[in-house]
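Open your viewer and switch to a cartoon view. We will go from one selection to the next.

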Amino acid sequence: MPRSALLRASVVLVSLALVLTGCATGADQDPAATSAPTTSAEPELAGDLTVYAAASLKAAFDELATEFEAQHPSVDVQPITYDGSSTLATQIIEGAPVDVFASADEKNMQKVVDVGLGSGPQLFATNTLVLVVPADNPGGVESLDDLANAELTVVLCAVEVPCGAASATLLSNAGVTASVDSYEQNVTAVLTKVAAGEADAGLVYVTDAATTDDVDAIEVDGAADVVNRYPIVALSAAADPEVADAFVAFVLSDTGQEVLAALGFGAP
């Protein structure tokens, strides 16, 4: 064969081989890998969060808020408002701009639900009462019976707030009529007065007594039968509903429950 003809034949064969190779490569390639649209990541949770919580939840919710912000850097949890649940419920009903409400009892939560400001509250913790005295126990208090002693200075929560209602039930069940010198609007105020030595005794939640070394806690008979159940709800008018729902879910999550349990709260 002439040299020119041989060269032309070689060029044809090489071209054919390249075409066949390209076809094979195209046949082996996964169409989905080249044609499937890329999916964007889920939008990051962002926004502000305003929480109203029962006074007895301060240590727990301060910790939970910090952890929640760590998990969601674009969320800003405003300083949480803590007070008696009845006071918080009243403020919410009167129009306070709140995203999440956590109550120390179901009664005050129901007030908020009944006026249509929230629905489907979920229980997330329980708590019980304990008798507390100043660390040196100057009044020599030993039991609930001592609260009837008019010579002692006794402080309790007002009956409108959950710790007060629970205290009244506990004392009634024990047949004790306490000689009360002062009724406080939240459990923190009771603890503060006893810790400062301004009162000889008071009734607070187990979780509150554990927050300071300035009081001694005395377990009392019947406390296990008077249990406060804590509900939480994302309010209907929450400024950032997704953020509010996410915080409620976080409190109910394993992580949230571990934080609460470590501070002495019981399971819901």
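Start with a crossing of two helices. Select helix H3, residues 58–71, together with helix H10. They cross in a right-handed way. Their axes come within 9 Å, at an angle of roughly 145°. Keep in mind that this is a predicted model.

Now show side chains at this crossing. On the H3 side, pick Ala60, Glu63 and Leu64. On the H10 side, pick Gly256, Val259 and Leu260. What classes of residue meet here? Four are nonpolar, one is polar and one is charged.

**Next stop: H9 and H10**

Stay with H10, residues 254–262, and add helix H9, residues 241–252. Two numbers sum up such a pair: the angle between the axes and the distance between them. For H9 and H10, the angle is about 60° and the axes lie 4 Å apart. That angle makes H9 oblique to H10.

Which residues make the contact? From H9, select Phe250, Val251 and Leu252. From H10, select Asp254, Thr255, Gly256, Gln257 and Leu260. Color them by class: four are nonpolar, three are polar and one is charged. Gly256 and Leu260 may look familiar, as H10 also uses them to meet H3.

**Next stop: the sheet**

Hide the side chains and look for the strands. Five of them form an open sheet. Trace the order: E4-E2-E5-E12-E6. The pairing is mixed.

Which strands sit at the edges? They are strand E4 (81–83) and strand E6 (122–127), and each pairs on one side only. On average, neighbouring strands in this sheet are turned by 15° against each other, ignoring direction.

Zoom in on strand E5, residues 100–102, and strand E12, residues 228–234. The two run antiparallel, joined by three bridges. Click on Val100, and find Ala234 of E12 opposite.

Bring H9 back into view. Helix H9 packs on this sheet. The strands touched are E2 (51–54), E5, E6 and E12. Compare the directions of H9 and E12: they make about 150° with each other.

**Last stop: the whole chain**

Zoom out and select everything. How many helices and strands does the chain have? There are ten helices and twelve strands. The chain has 268 residues, and 41% of them are buried.

Finally, think about contacts along the sequence. Take those with a separation of 6 or more: 79% of them join residues 24 or more positions apart.

Conventions
Residues numbered from 1 in each chain as written. Predicted model: local features only at pLDDT ≥ 70, side-chain atom pairs only at ≥ 80, totals over all residues. Heavy atoms only, no water. Axes fitted to C-alpha atoms, helices over the stretch in contact; angles between N-to-C directions. Parallel < 35°, antiparallel > 145°, perpendicular 65-115°, else oblique. Contact = heavy atoms within 4.5 Å. Nonpolar A, V, L, I, M, F, W, Y, C, P; charged D, E, K, R; others polar. Left-handed = near helix turned anticlockwise from the far one by under 90°. Pairing = 2+ DSSP bridges. Buried < 20%, exposed > 50% of the residue type's maximum accessible area, 1.4 Å probe, protein only.
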